[in-house]
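Please open the model in your viewer and keep the selection panel at hand. The stops below proceed from one selection to the next.

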Amino acid sequence: MKLNRTAYRVTEILRLLADSPEGMTLTEIGAALDLPKASAFDIVQTLRKTHFLRETNKRYAIGFMVYEVGGAYSKGKDLYAAAQPILEELANQLNMAGSIVTYEKGTLNYVIEHRPIGSIVSPIASSGMDFVHASASGKCLIAFMSDARQRKAFSLLSFKRFTDRTILNAVDFMEDLQKIRSRGYAVDDREFNELMTCVSTPIFRCKQAVATLTLSGLQLDPQVIPGIADKMIEKAKQISRELENG
């Protein structure tokens, strides 16, 4: 049977980017696969618009639809199926932008995103490496890693400044991680964006933090954060149970 060339190129691009969590430019994709620039552009833009790829600073990486489709292969209940309805319900209830975030090789992947009508959202892209230390999701995931994985994660942090509140060194970052483990949730209080506050709670599978449940709002009053976090912790536990019992 003759293979369809365009369809085959799609699979090549997805395989290539699956091994490149930091993403690749259009030129790099074309060079790696010996694709004409026009052909690479058409395929990549189609995959981006259908959310199989995402773009950050002109670099393309795997998008959340790949996780959704891939999850259909899982024998147990996948993260998307377990988390999506719970995330949407909580985000709608609190009128906050919600996301489910995973971590791999120094990169945060926003595998599910839900934005209630009227909610305020950060102009953040759906992936990235340089803001891990300044995000509630990144801090939460690193806080609940094993010692070995945590050391590796530390080696990949850039401690880039985004606002006057951004943590800029490993000592302060470790102190924040200890607080996160103690209280069970992480907060990005205008550390990445001067207007946004984000709260993240861990989702576990087989006693490993595999993702975070994250909500974002506009300059939240610090006094309301613990109450929001309590609701999120309960929902994250519910997702964790779904994953374990799936």
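In this predicted model, begin by selecting helix H6 (residues 136–143) together with helix H8 (residues 170–183): their axes come within 9 Å and cross at roughly 75 degrees. Because angles of 65 to 115 degrees count as roughly perpendicular, H6 is described as roughly perpendicular to H8.

Next, display the side chains at this contact. On H6, select Lys139, Cys140, Ile142 and Ala143; on H8, select Phe173, Asp176, Leu177, Ile180 and Arg181. How do the residues of the contact of H6 with H8 divide into nonpolar, polar and charged? Six are nonpolar, three are charged, and none is polar.

Now move to helix H1, which spans residues 5–18, and select Glu12 within that helix. Is Glu12 buried or exposed? The relative accessible area of Glu12 is 19%, and the cut-off for buried is under 20%, so Glu12 counts as buried. Add Arg9 to the selection: the side chains of Glu12 and Arg9 are joined by a polar contact of 2.8 Å.

Finally, clear the selection and view the whole protein, colored by secondary structure. The protein contains nine helices and eight strands. Of its 246 residues, 49% are buried. Switching to a surface representation shows the exposed area, which amounts to about 12,900 Å², with carbon and sulfur atoms supplying 52% of it. For a contact map, note that among contacts with a separation of 6 or more, 58% are between residues 24 or more positions apart.

Definitions and conventions. Residues numbered from 1 in each chain as written. Predicted model: local features only at pLDDT ≥ 70, side-chain atom pairs only at ≥ 80, totals over all residues. Heavy atoms only, no water. Helix = DSSP H or I, 4+ residues; strand = E, 2+ residues; numbered from the N terminus. Buried < 20%, exposed > 50% of the residue type's maximum accessible area, 1.4 Å probe, protein only. Polar contact = N/O pair within 3.5 Å; in protein donor to acceptor, adjacent residues only side chain to side chain. Contact = heavy atoms within 4.5 Å. Areas by Shrake-Rupley, 256 points an atom, 1.4 Å probe, with all protein chains shown as cover. Axes fitted to C-alpha atoms, helices over the stretch in contact; angles between N-to-C directions. Parallel < 35°, antiparallel > 145°, perpendicular 65-115°, else oblique. Nonpolar A, V, L, I, M, F, W, Y, C, P; charged D, E, K, R; others polar.
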